[in-house]
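Trainee: Please take me on a close look at one part of this model. I would like to follow it step by step.

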Amino acid sequence: MDLQTLTYLFVGGTFLLYIGIAIWARASTTGEFYVAGKGVHPVANGMATAADWMSAASFISMAGLIAFKGYDASVYLMGWTGGYVLLAMLLAPYLRKFGKFTVPEFIGERYYSQTARIVAVICLIVASITYVIGQMKGVGVAFGRFLEVDFEVGVLVGMSIVFIYAVLGGMKGITYTQIAQYCVLIFAYTIPAIFISLTLTGNPVPQLGLGSELADGSAYMLDKLDSVMTDLGFKAYTVQKGTSFNMVLLTLSLMIGTAGLPHVIIRFFTVPKVRDARASAGWALVFIAILYTTAPAVGSMARLNMINTVNGVDSQGTAYTALPSWFKRWENTGLLAWYDHNGDGKVQHAAGSAFDGGKPKFVSNEDGSPKRGGHDERVVSNPSEGKRAEGAPFANEIYVDRDIMVLANPEIADLPFWVIALVAAGGLAAALSTAAGLLLAISSAISHDLLKGIFKPDISEKHELMAGRIAMAGAIVVAGYLGMNPPGFAAQVVALAFGLAASSIFPALMMGIFYKKMNNTGAVAGMLAGLGTTLIYIFVYKGWFFIPGTNNLPNDAANWVMGIQPESFGAVGALINFIVAIVVSKVTAAPPEHIQHLVEDIRVPRGAGAASGH
Amino acid sequence: MSGSSGDYWKANIRLVSILLVIWFVVSYLFGIILVDVLNQIQIGGVKLGFWFAQQGSIFTFLILIFVYAKKMNELDRKFNVHED
């Protein structure tokens with residue numbers, strides 16, 4: 001069977017599974033729609049949380065990020081896992097005890113303030129929408145690369161699938177689909193990794209392969225990678241390139257942001273008990289860690305494989321015509337490009353940029369087909385001067401998109417077709433599961449917090465459920481539209497989503513639990529101060545509302561305040577939030593007696609009942 | 001908050017503080033700030049600082065959460081605030 005048919009079979013099979021689950025797990029009450037009736041087993045919720053959390057970026061891009069940044073990419077590994085420690089110990093059990101449906105609902109009740117609730121809703125919607133655009137794009141890209149359908153068609157198919165199970169099943173449908181999606185994505189991720197580790201080091205466990213000798217016994221894998229890279233003019237793989245200060249700050253921002261992202265928090269509202277919420281955070285991290293501890297092995301091994309394949313056994317380059325077929329296949333997708341700077345017909349990879357501005361610009365024929373050069377390679381219009389970088393033996397001649405490290409890995413390692421088909425299904429599972437979780441967070445904020453909480457408190461449950469479904473459908477359409485027409489800032493939004501969650505939501509939740517005397521004025525002032533400074537800091541360097549050219553200062557280390565990059569500012573915003581909130585609450589009236597009792601009540605597990613919407 | 005529930009909360013804060021100190025040490029201290037020092041030690045084919053940054057901290061986080069869950073369940077019973 002050919003690759004195309006196999007891929008259709010795998011992707012189609014998983015989609016049928018998701019639809020089957022949707023029909024089986026329909027939601028008939030608001031409790032089921034918002035929090036799956038609070039009946040999800042902690043291990044099952046852990047698995048669903050892992051799928052919810054691990055997005056198209058974790059699945060497709062992270063290993064590539066590690067491959068190209070080496071040690072410095074550790075900030076993502078630690079930042080996106082360490083947040084679960086904060087979530088487990090500082091938020092999840094208490095919010096579960098509170099026993100309501102949404103994050104803004106807690107903030108609104110704890111701070112006896114509709115303003116606080118509205119600020120929380122706005123943060124939630126902005127963070128979740130920016131995040132969901134990336135998922136929809138991921139769906140379109142995965143369809144385009146593996147099934148060769150148009151990007152827009154891919155997004156439409158993805159939207160329809162999510163529509164069926166999220167609108168019908170709400171959180172209940174999403175939970176069980178996410179469990180299935182986790183299984184698909186983790187097989188798709190680990191199987192190629194096991195094969196690659198086995199081939200390269202003889203050790204089938206990628207986590208151990210990372211520290212093993214190469215199969216030929218010549219050297220340790222990482223030592224070899226370090227020496228190969230320094231020979232090519234790169235900095236050694238395991239050596240730090242950025243400053244420790246920014247690494248600490250970025251790691252902290254990602255951790256606090258992770259713990260404050262509403263679509264992750266609401267997953268812990270679905271378990272029956274407080275103690276289940278504690279254990280469930282641990283299980284979530286188990287399932288996440290399977291992928292996150294595999295990724296460093298995939299990244300380093302893929303990098304070594306790629307350099308060896310391109311530069312060949314004599315490290316002098318490989319003739320373009322002699323390269324394996326995957327090189328040309330991915331060149332056709334635009335993720336790889338070659339320009340023969342020294343005119344020897346061989347492809348060489350070293351430090352430095354082969355193209356002006358970093359990325360290649362491909363030339364097309366008049367009929368729109370790619371223009372081909374003398375070796376049948378794709379012609380590019382922007383080759384760089386082709387200078388040799390310092391310490392490099394020759395000029396770099398290729399561009400490699402980092403997403404290739406996962407997408408093309410099975411081909412680079414020469415794995416059977418069914419593994420490639422599995423990777424396609426896995427990438428889609430990762431994108432769809434995260435999209436669904438985000439869409440639920442958005443729709444519950446609209447139907448439960450805005451509609452029922454603020455505009456129409458006397459709405460019947462039946463009508464609220466209907467409103468939830470309509471809000472979900474609307475959110476899917478908006479997300480799909482933005483996925484097809486991504487605003488120019490789509491690449492920048494990760495900083496924004498994490499910055500918002502870290503600087504506004506996390507501190508408000510934490511103080512609501514751990515600081516009984518925190519009052520409404522303090523909390524609102526803190527949220528606005530944290531949110532405001534973070535937004536301003538990001539906009540000053542990246543442009544107001546990300547409009548190119550509207551930045552007040554160039555986005556480089558010389559202009560950053562104390563050398564803090566905009567992506568790392570979330571932790572500073574959180575600190576500002578804490579300080580402002582505490583100072584303001586000290587000089588204003590203490591919260592009323594019943595609120596202080598509420599805080600005492602959520603601090604003890606006893607009495608956590610079923611979810612209630614009132 | 002009075003009597004045993006106040007003591008329960010204090011015990012909780014003490015436990016979480018200890019666990020978060022470990023959380024900080026393995027990631028920020030071992031993985032970033034002291035990485036060059038720890039990289040002098042190599043275990044198998046991995047430098048220790050690099051290992052903490054890319055593997056060790058994640059494994060430690062896992063242990064921390066499960067220890068927290070277990071200890072909190074014990075505290076719940078000890079102070080008689082457990083569910084059912």
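Mentor: Let's begin with a term: a residue is buried if 20 or more other C-beta atoms, placed from the backbone, lie within 10 Å of its own, exposed if 12 or fewer, and partly exposed in between. B:Asn80 is exposed because 11 other C-beta atoms lie within 10 Å. B:Asn80 sits in the segment after α3 (48-78) of chain B, and its phi is positive, about 55°, although B:Asn80 is not a glycine. The model is predicted, so local features need pLDDT of at least 70 and side-chain atom pairs 80 or more, while totals for chains, interfaces and linings use all residues. Residues count from 1 along each chain as its sequence is written, with chains lettered from A and ligands numbered from 1 in the order written.

Now for the part where the chains meet. Here 44 residues of chain A are in contact (C-beta atoms within 7 Å) with 36 residues of chain B. Helix α13 (274-311) of chain A (a DSSP run of H or I, at least four residues, numbered from the N terminus) gives the most to the side of chain A that touches chain B, with twelve residues. Among the other helices that supply at least two residues each are α5 (74-98) and α11 (244-260) of chain A.

α13(A) has a partner within chain A too: α8(A), residues 151-201, packs against α13(A) at an angle of about 35°, with the axes 10 Å apart. The contact includes A:Tyr182 and A:Leu200 of α8(A), and A:Phe287 and A:Met301 of α13(A).

Terms used:
Contact = placed C-beta atoms within 7 Å. Axes fitted to C-alpha atoms, helices over the stretch in contact; angles between N-to-C directions.
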